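Please open the model in your viewer and keep the selection tool at hand. We will go from stop to stop, and at each one you will hear what to select and what is there.

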Amino acid sequence: GTHGAQPWNGVDVVSLSAAIIQGLNTIVARQVDLTASPTVITIGQVLAGTRHNVIPEDAVLNGTVRTYGAERRADVLARIKR
């Protein structure tokens, strides 16, 4: 983390979290056939920081993966890890 006035002195985990969420959204939108098996990836909670002017040191993303069938679930989880 770092002070918001000096973002170059740290890693912006909030921006990284946003990029991760965007990437997760493309798995369902562009990588799996929803007509074959409904699939949903939801990030419903992002926890980061306690001050408005400090870039936090870490962030936690919480969510769910919902699929029909073990094979689809394994495929989606592998895509998330990749």
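In which strand does Ala59 lie? Select residues 59-67: that is strand β4, and Ala59 lies in it. Strands here are DSSP runs of E with at least two residues, helices are runs of H or I with at least four, and both are numbered from the N terminus.

Before going further, a word on what you are looking at. This is a predicted model, in which local features need pLDDT of at least 70 and side-chain atom pairs count only at pLDDT 80 or more, while totals for chains, interfaces and linings use all residues. Residues are numbered from 1 along each chain as its sequence is written, and side-chain values use heavy atoms, with hydrogens and water left out.

**Stop 1: the whole chain**

Zoom out and colour by secondary structure. You should find two helices and four strands, in the order β-α-β-β-β-α from the N terminus on. Along the principal axes, the C-alpha atoms fill a box of roughly 50 × 20 × 15 Å. The radius of gyration is 16 Å, whereas a compact globule of 82 residues would have one near 12 Å; the value is taken over C-alpha atoms, and the globule rule is 2.2 Å times the number of residues to the power 0.38.

Now switch on the surface. The chain exposes about 5,900 Å², with carbon and sulfur atoms supplying 54% of it; the areas come from the Shrake-Rupley method with a 1.4 Å probe, and for residues only the protein chains shown count as cover. Of the 82 residues, 18% are buried, where buried means under 20% relative accessible area, exposed over 50%, and partly exposed in between (1.4 Å probe, protein chains only).

**Stop 2: Ala59 and Ser17**

Go back to Ala59 and show its surroundings. Ala59 is partly exposed, with a relative accessible area of 25%. Leaving aside neighbours within four places in sequence, Ala59 is in contact (heavy atoms within 4.5 Å) with Val13, Ser17, Leu47 and Ala48. Try a distance label from Ala59 to Val13: the two are 46 residues apart in sequence, yet their C-alpha atoms are 6.2 Å apart in space.

Next, select Ser17, which is found in helix α1 (residues 13-31). Is Ser17 buried or exposed? Ser17 counts as buried because its relative accessibility is 5%. Besides Ala59, the contacts of Ser17 beyond four places in sequence are Val46 and Leu61.

**Stop 3: Ile55 and Thr2**

Select residues 54-55, which form strand β3, and pick Ile55. This residue is buried, at a relative accessible area of 11%. Its contacts outside the four-place window include Gly1, Thr2, His3 and Gly4, as well as Val11, Asp12 and Val13. A label between the C-alpha atoms of Ile55 and Val13 will read 7.5 Å, although the pair is 42 residues apart along the chain.

From Ile55, step across to its contact Thr2. You will find Thr2 in strand β1 (residues 2-3), buried with a relative accessible area of 10%. Thr2 is in contact with Pro7, Asn9, Gly10, Val54 and Ile55, again leaving aside neighbours within four places in sequence. Show the side chain of Thr2 as sticks too: it reaches the backbone oxygen of Gln6 at 3.1 Å.

**Stop 4: Gln6**

Follow that link to Gln6, in the loop between β1 and α1. Gln6 counts as partly exposed because its relative accessibility is 38%. Now add Val54 to the selection: it is 48 residues from Gln6 in sequence, with 9.3 Å between their C-alpha atoms.

**Stop 5: Val28**

Finally, return to helix α1 and select Val28. What does Val28 touch, not counting residues up to four places away in sequence? Light up Leu34, Thr39, Val40 and Ile41. Val28 itself is buried, with a relative accessible area of 14%. Its C-alpha atom is 6.6 Å from that of Thr39, a residue 11 places apart from it in sequence.

How values were computed:
Polar contact = N/O pair within 3.5 Å; in protein donor to acceptor, adjacent residues only side chain to side chain.
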